[in-house]
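Hi,

Here is the structure I promised to pass on. Have a look at it first, and then read my notes below.

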Amino acid sequence: MDQYESAAELIAEADALLINAGAGMGVDSGLPDYRGNEGFWKAYPHLGNARLTFAEVATPQVLERDPALGWGFYGHRLALYRSTVPHEGFQILQKWAKQAPYGGRVFTSNVDGQFQKAGFSEDVIHECHGSLHHLQCTTGCNAGIWSADS
């Protein structure tokens with residue numbers, strides 16, 4: 001039995017699934033990879049021309065120091081995430097989770113909301129880095145989070 005057949009057998013026999021996902025899931029849907037500057041700069045050519053890295057732009061300090069840059073960057077990312085269609089792999093994972101007697105849970109470092117968009121229930125997803133689809137106050141003015149929809 002090869003490794004793929006072995007993996008398929010284990011998935012078919014699983015009582016439950018824990019799906020762990022990172023940037024690779026979004027990249028296959030066409031989202032940029034923020035680990036390397038090339039994907040980031042391709043998605044944000046203005047920042048590439050300025051030789052700014054993701055780590056330099058994605059900070060609360062940029063929102064304070066240069067609000068137009070910070071909010072423009074986050075607004076562009078949010079629009080990109082909202083317009084992205086999750087690839088077929090999300091449906092495959094959802095199918096496997098539904099076949100397991102105890103279902104499936106998702107632990108993801110992605111902030112793009114693609115699991116929700118693909119139909120996974122919000123209550124089975126843990127986004128360890130939060131979500132770009134929500135906002136929160138960084139100065140202690142509000143303890144909660146709220147939707148970025150408006």
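**The largest pocket**

The lining of the largest pocket is made up of 22 nonpolar, 15 polar and 6 charged residues. The space in that pocket comes to about 1300 Å³. It has 43 lining residues, and those closest to its centre are Tyr74, Arg77, Val111, His129 and Leu132. The elements that give two or more residues to the lining are helices H2 (23–27), H5 (54–57), H6 (60–65) and H7 (67–83), along with strands E4 (134–136) and E5 (145–147). Which of them gives the most? That is H7, with 6 residues.

Before you read too much into any of this, please keep in mind that the model is predicted.

**The overall picture**

The protein has 9 helices and 5 strands. If you walk along the sequence, the order is α-β-α-α-α-α-α-α-α-β-α-β-β-β. The C-alpha trace spans about 55 × 35 × 20 Å along its principal axes. Of the 150 residues, 35% are buried. As for contacts between residues at least 6 apart in sequence, 52% of them join residues at least 24 apart.

**Helix H7**

Back to H7, since it turned up in the pocket. This helix has 17 residues, and from first C-alpha to last it reaches 24 Å, close to the 24 Å expected at 1.5 Å a residue. Which of its residues are buried? Those are Gly70, Phe73, Tyr74, Arg77, Leu78 and Tyr81. They cover an arc of only 125 degrees around the axis, so they sit on the same side of H7. On the other side, Ala68 and Ser83 are exposed. The buried residues of H7 pack against helix H3 (37–43) as well as H4, H5, H6 and H9. Note that Tyr74 and Arg77 appear twice here: they are among the buried residues of H7, and they are also among the residues closest to the centre of the largest pocket.

Leu78, another buried residue of H7, has a partner far along the chain to look at. Leucine 78 and aspartate 149 are 71 residues apart in sequence, while their C-alpha atoms are 9.7 Å apart in space. Aspartate 149 is in the segment after E5, and with a relative accessibility of 59% it counts as exposed.

**Helix H8**

H8 (residues 88–99) can be read in a similar way. Its 12 residues should span 16 Å at 1.5 Å a residue, and the end C-alpha atoms are 17 Å apart, which agrees. Phe90, Leu93, Gln94 and Ala97 are the buried residues in this helix. Their arc around the axis is only 100 degrees, which means they are on the same side of H8. The face turned away from that buried side carries Glu88 and Gln99, which are exposed. What covers the buried residues of H8? The cover includes strand E1 (17–21), H2, strand E2 (104–108) and helix H9 (114–117).

Just beyond the helix, take a look at glycine 103, in the loop between H8 and E2. Is glycine 103 buried or exposed? Its relative accessible area is 18%, so it counts as buried, the cut-off being under 20%. Leaving aside neighbours within four places in sequence, glycine 103 is in contact with Asp15, Ala16, Leu17 and Ala97. Ala97 is one of the buried residues of H8. Glycine 103 also comes within 8.9 Å of leucine 18, C-alpha to C-alpha, with their positions 85 residues apart in sequence.

**The loop between H4 and H5**

Two residues to check in this loop are arginine 51 and leucine 52. What stands out about the phi of arginine 51? It is near 60 degrees, a positive value in a residue other than glycine. For context, most residues other than glycine have a negative phi. Arginine 51 is exposed, with a relative accessible area of 55%.

Leucine 52 is partly exposed, at 24% relative accessible area. Outside its neighbours within four places in sequence, leucine 52 is in contact with Phe40, Trp41, Leu47, Val57 and Leu69. For one of these, tryptophan 41, the C-alpha atom is 8.4 Å from that of leucine 52, and the two residues are 11 apart along the chain.

That's what I have, so over to you.

Key: Residues numbered from 1 in each chain as written. Predicted model: local features only at pLDDT ≥ 70, side-chain atom pairs only at ≥ 80, totals over all residues. Heavy atoms only, no water. 1 Å grid on protein atoms, 1.4 Å probe; cavity = no way out; pocket = protein on both sides within 12 Å on 5 of 7 lines; lining within 4 Å. Points joined across faces, edges and corners; volume = space filled by probe spheres on them. Helix = DSSP H or I, 4+ residues; strand = E, 2+ residues; numbered from the N terminus. Nonpolar A, V, L, I, M, F, W, Y, C, P; charged D, E, K, R; others polar. Expected span 1.5 Å × (residues − 1). Buried < 20%, exposed > 50% of the residue type's maximum accessible area, 1.4 Å probe, protein only. Arc of directions from axis to C-beta. Contact = heavy atoms within 4.5 Å.
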